[in-house]
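I set out below what I looked up in this structure, entry by entry. The entries begin with packing and end with single residues.

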Amino acid sequence: MSSRRSLLLDLARVMIKQAKLLKHQGLIAEARSIALRAIELNHLGHAAMRAQPVEIASLSRRRG
């Protein structure tokens with residue numbers, strides 16, 4: 001099963017393809033709307049892939 005972040009990136013790619021089809025059909029406003037949402041999803045997917053800092057307790061903290 002795919003992870004959520006890769007599903008977001010896949011969805012963004014499909015939405016961009018759909019926007020291109022709409023643009024070629026002359027539906028510019030709809031294409032722009034879908035493309036903007038796809039860009040947001042793309043940013044979300046890549047943000048989820050970034051490493052997140054994790055706090056690790058030091059040895060003295062664990063003993064005390």
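**Entry 1. Packing of the helices**

I looked first at what the buried side of α2 meets: its buried residues pack against α1. I took buried as under 20% relative accessible area, exposed as over 50%, and partly exposed as in between, with a 1.4 Å probe and protein chains only. Contact here means heavy atoms within 4.5 Å. From the other partner I read the corresponding result, with the buried residues of α1 packing against α2.

**Entry 2. Model and confidence**

I note that this is a predicted model, in which local features need pLDDT of at least 70 and side-chain atom pairs count only at pLDDT 80 or more, while totals for chains, interfaces and linings use all residues. Residues are numbered from 1 along each chain as its sequence is written, and side-chain values use heavy atoms, with hydrogens and water left out.

I checked pLDDT, the predictor's confidence in each residue from 0 to 100. The protein chain has a mean pLDDT of 86, and 88% of its residues reach 70 or more. Among its elements, helix α1 (residues 4–24) has the highest mean, 92, and helix α3 (residues 59–63) the lowest, 64.

**Entry 3. Secondary structure**

I took helices (H or I, at least four residues) and strands (E, at least two) as DSSP runs, numbered from the N terminus. The protein chain has 3 helices and 0 strands, in the order α-α-α along the sequence. Of its 64 residues, 19% count as buried. After α1 I found G26, with a positive phi near 90°.

**Entry 4. Helix α2**

I compared the length of α2 with its expected span, which is 1.5 Å times one less than the number of residues. The 22 residues of helix α2 (residues 28–49) should span 32 Å, and the end C-alpha atoms are 32 Å apart, which agrees.

I then listed the buried residues of α2: A31, I34, A35, A38, L41 and G45. Seen down the axis of α2, these fall within an arc of 125°, so they line one face of the helix. The arc is that of the directions from the helix axis to the C-beta atoms. On the other side of α2, I recorded A29, R32, L36, E40 and L44 as exposed.

**Entry 5. Helix α1**

I repeated the length check on α1, where 21 residues should span 30 Å and the end C-alpha atoms are 31 Å apart, which agrees. Its buried residues are L8, L9, A12, M15, A19 and L22. They cover an arc of only 140° around the axis, which puts them on the same side of α1. On the face turned away from this buried side I found the exposed residues V14, K17, K20, L21 and H24.

**Entry 6. Nonpolar core**

I searched for nonpolar cores, that is, sets of buried Ala, Val, Leu, Ile, Met, Phe, Trp, Tyr and Cys residues joined through side-chain atoms within 4.5 Å. The largest has 10 residues: L8, A12, M15, A19, L22, A31, I34, A35, A38 and L41. α1 and α2 each supply at least two residues of this core.

I followed one of its members, M15: not counting residues up to four places away in sequence, M15 touches I34, R37, A38 and L41.

**Entry 7. Salt bridge**

I defined a salt bridge as a side-chain nitrogen of Lys or Arg within 4 Å of a carboxyl oxygen of Asp or Glu. A search of the whole structure gives 1. D10 forms a salt bridge with R13, with the closest N and O atoms 2.6 Å apart. D10 and R13 are 3 residues apart in helix α1 and therefore separated by about one helical turn. D10 counts as partly exposed, at 35% relative accessibility.

**Entry 8. Pairs distant in sequence**

I looked up I16, which is in helix α1 and is partly exposed, with a relative accessible area of 28%. Leaving aside neighbours within four places in sequence, I16 is in contact with A35 and A38. The C-alpha atoms of I16 and A38 are separated by 6.3 Å, at 22 residues apart along the chain.

I next took H46, which lies in helix α2 and is partly exposed at 42% relative accessible area. H46 and L9 are 37 residues apart in sequence and 7.7 Å apart in space, C-alpha to C-alpha.

Last, I took R4, which has its place in helix α1 and counts as exposed at 70% relative accessibility. Between the C-alpha atoms of R4 and G45, 41 residues apart along the chain, the separation is 8.1 Å.
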